[in-house]
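Q: I am new to this one and would like to know the reasons behind the labels people put on it. Could you take me through them?

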Amino acid sequence: MGDLPVPRPFLKWAGGKAQLADALMERAPIRFHAYHEPFVGSGALFFRLYRERRIDRAVLSDINAELIDAYLAIRDHVAEVIRILTEFPYSKEFYYEIRSKDPWALSLPERAARMIYMNKTAYNGLYRVNQRGQFNVPFGRYKSPNYLDRENLLEVSQALQNVEIICAPFETVLDRAKPGDWVYFDPPYVPVSRTANFTSYYANGFRLQDQERLREVCIGLSRNNVYVMLSNSDTVIVRSLYAALHFAIDEVLANRAINCNGAKRDKVTELVITNYPVERAVQLRLLEQRAPYLVFREHHPDRASWETALSHRDERET
Ligand SMILES: C[S@@+](CC[C@H](N)C(=O)[O-])C[C@H]1O[C@@H](n2cnc3c(N)ncnc32)[C@H](O)[C@@H]1O
């Protein structure tokens with residue numbers, strides 16, 4: 001991650017999308033108004049879009065309040081966050097001292113500095129909380145962890161200046177997204193096996209009912225002509241959730257941790273689901289025809305049928 005140009009994610013995050021970013025970029029709508037990312041995590045796709053100047057307006061949200069506070073602190077008080085991090089020594093004693101602090105008793109910049117410090121110095125660099133929502137990862141014993149990446153923090157702050165940053169559950173995007181906006185959902189994945197556990201991002205986990213609600217939200221957005229892209233695991237559950245209606249399901253290869261401690265890595269396929277055709281040519285034709293952003297009302301079950309749908313429509317209209 002440190003190899004990426006700035007601004008890049010300032011946290012290491014479970015399910016971070018840095019290595020899937022190419023595949024996701026290829027599937028972006030050619031044109032869109034505001035960009036929404038309701039499971040923002042470390043925001044890998046947001047920073048990539050920003051670097052490539054694809055974003056005019058953005059709304060980033062997540063249910064994790066500490067994470068959202070870190071974004072707010074960097075956007076509004078970056079100098080203070082950097083100053084505090086400069087004063088943090090790298091030692092096991094200090095790690096446990098700062099870990100024991102109640103984040104909600106700290107100021108906003110202190111809370112962000114604590115999170116960044118622990119994220120970069122904790123074992124495996126993961127954010128994990130216990131049942132009471134407390135960070136419980138042991139010290140990581142790195143040689144020289146880069147918890148003070150001044151240049152990146154300044155660039156991240158710059159990138160966030162006109163961004164709306166909200167702590168909220170994903171459903172609330174329905175109230176914010178307007179026709180022509182683009183929403184990218186990267187939810188906690190449906191586990192690929194019984195032992196794999198990708199769901200413990202926050203104390204309550206993300207259950208099947210949440211995946212079903214997310215599908216309903218995707219349908220609601222489609223009805224409002226909002227572009228939707230979603231990534232998830234290549235599982236029967238996900239395929240059947242998005243099988244019908246107007247969703248296109250694409251397989252992509254990812255190099256991903258396939259068990260819960262991240263030690264075992266392998267190439268696995270993941271799914272990228274969109275409610276619009278991903279092919280540039282088809283999108284351009286739609287735009288040229290000043291057609292609605294989407295053709296979802298015509299209910300075509302797979303990607304190949306977008307073209308057929310369009311030619312049938314052309315025939316009807318001539
Ligand atoms: C797979 S991670 C996102 C990773 C992100 N794309 C990245 O590049 O780092 C999932 C995120 O969803 C958030 N989350 C879990 N349940 C949520 C909910 N009900 N509403 C909104 N966000 C939620 C978690 O806090 C976590 O940050």
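Q: Why are helix 3 and helix 6 called roughly perpendicular to each other?
A: In this predicted model, helix 3 and helix 6 pack at an angle of about 115°. The label covers 65 to 115 degrees, so helix 3 and helix 6 count as roughly perpendicular. Their axes are 8 Å apart, and the crossing is left-handed.

Q: Which residues make helix 3 and helix 6 meet?
A: Helix 3 brings Glu66, Asp69, Ala70, Leu72, Ala73 and Ile74. Helix 6 answers with Leu108, Pro109, Arg111, Ala112, Met115 and Ile116. By class, this contact has nine nonpolar, no polar and three charged residues.

Q: Why are helix 4 and helix 6 called oblique to each other?
A: The axes of helix 4 (residues 78–87) and helix 6 (residues 108–121) cross at roughly 55°. Roughly parallel needs an angle under 35 degrees and roughly perpendicular starts at 65, so helix 4 and helix 6 are oblique. The two axes come within 9 Å, and helix 4 passes helix 6 in a right-handed crossing.

Q: What makes up the contact of helix 4 with helix 6?
A: On the helix 4 side you will find Glu80, Val81, Ile84 and Leu85. They meet Pro109, Glu110, Ala112, Ala113, Ile116 and Tyr117 in helix 6. Sorted by class, that gives eight nonpolar, no polar and two charged residues.

Q: How do you know that helix 3 and helix 7 are roughly perpendicular?
A: The axes of helix 3 (residues 65–76) and helix 7 (residues 150–160) cross at roughly 95°. This falls in the range of 65 to 115 degrees, and helix 3 and helix 7 are therefore roughly perpendicular to each other. Their axes come within 8 Å. Tyr71, Ile74 and Arg75 of helix 3 make the contact with Leu153, Val156, Ser157 and Leu160 of helix 7. Those residues divide into five nonpolar, one polar and one charged.

Q: What makes the peptide bond from Val6 to Pro7 worth pointing out?
A: That bond is cis, with omega near -5°. Most peptide bonds are trans. Pro7 sits in the segment before helix 1 (21–26).

Q: What is there to notice about phi of Arg53?
A: Phi of Arg53 is near 55°, a positive value in a residue other than glycine. Most residues other than glycine have a negative phi. You can find Arg53 in the loop between helix 2 (44–51) and strand 2 (57–62).

Q: Which residues are closest to the ligand?
A: The closest are Gly15, Phe39, Gly41, Ser42 and Asp186, out of 21 residues that surround the ligand. By class, this shell has 12 nonpolar, six polar and three charged residues.

Q: How do you know where the pLDDT is low?
A: The chain has a mean pLDDT of 86, and 83% of its residues reach 70 or more. Over residues 198–204, however, the pLDDT is below 50, and this stretch has 19 contacts in the model beyond near neighbours in sequence. Residues 297–303 also have a pLDDT below 50, with 11 such contacts. Where pLDDT is low, the predicted coordinates should not be read in detail.

Note on methods:
Residues are numbered from 1 along each chain as its sequence is written. This is a predicted model: local features need pLDDT of at least 70, side-chain atom pairs count only at pLDDT 80 or more; totals for chains, interfaces and linings use all residues. A residue is near a molecule or strand if its C-beta atom, placed from the backbone, lies within 6 Å of it. Ala, Val, Leu, Ile, Met, Phe, Trp, Tyr, Cys and Pro count as nonpolar, Asp, Glu, Lys and Arg as charged, and the others, Gly among them, as polar. pLDDT is the predictor's confidence in each residue, from 0 to 100. Two residues are in contact if their C-beta atoms, placed from the backbone, lie within 7 Å. Axes are lines fitted to C-alpha atoms, for helices over the stretch in contact, and angles run from 0 to 180 degrees between N-to-C directions. Helices (H or I, at least four residues) and strands (E, at least two) are DSSP runs, numbered from the N terminus. Angles under 35 degrees count as roughly parallel, over 145 as roughly antiparallel, 65 to 115 as roughly perpendicular and the rest as oblique. A crossing is left-handed if the near helix is turned anticlockwise from the far one by less than a right angle, and right-handed if clockwise.
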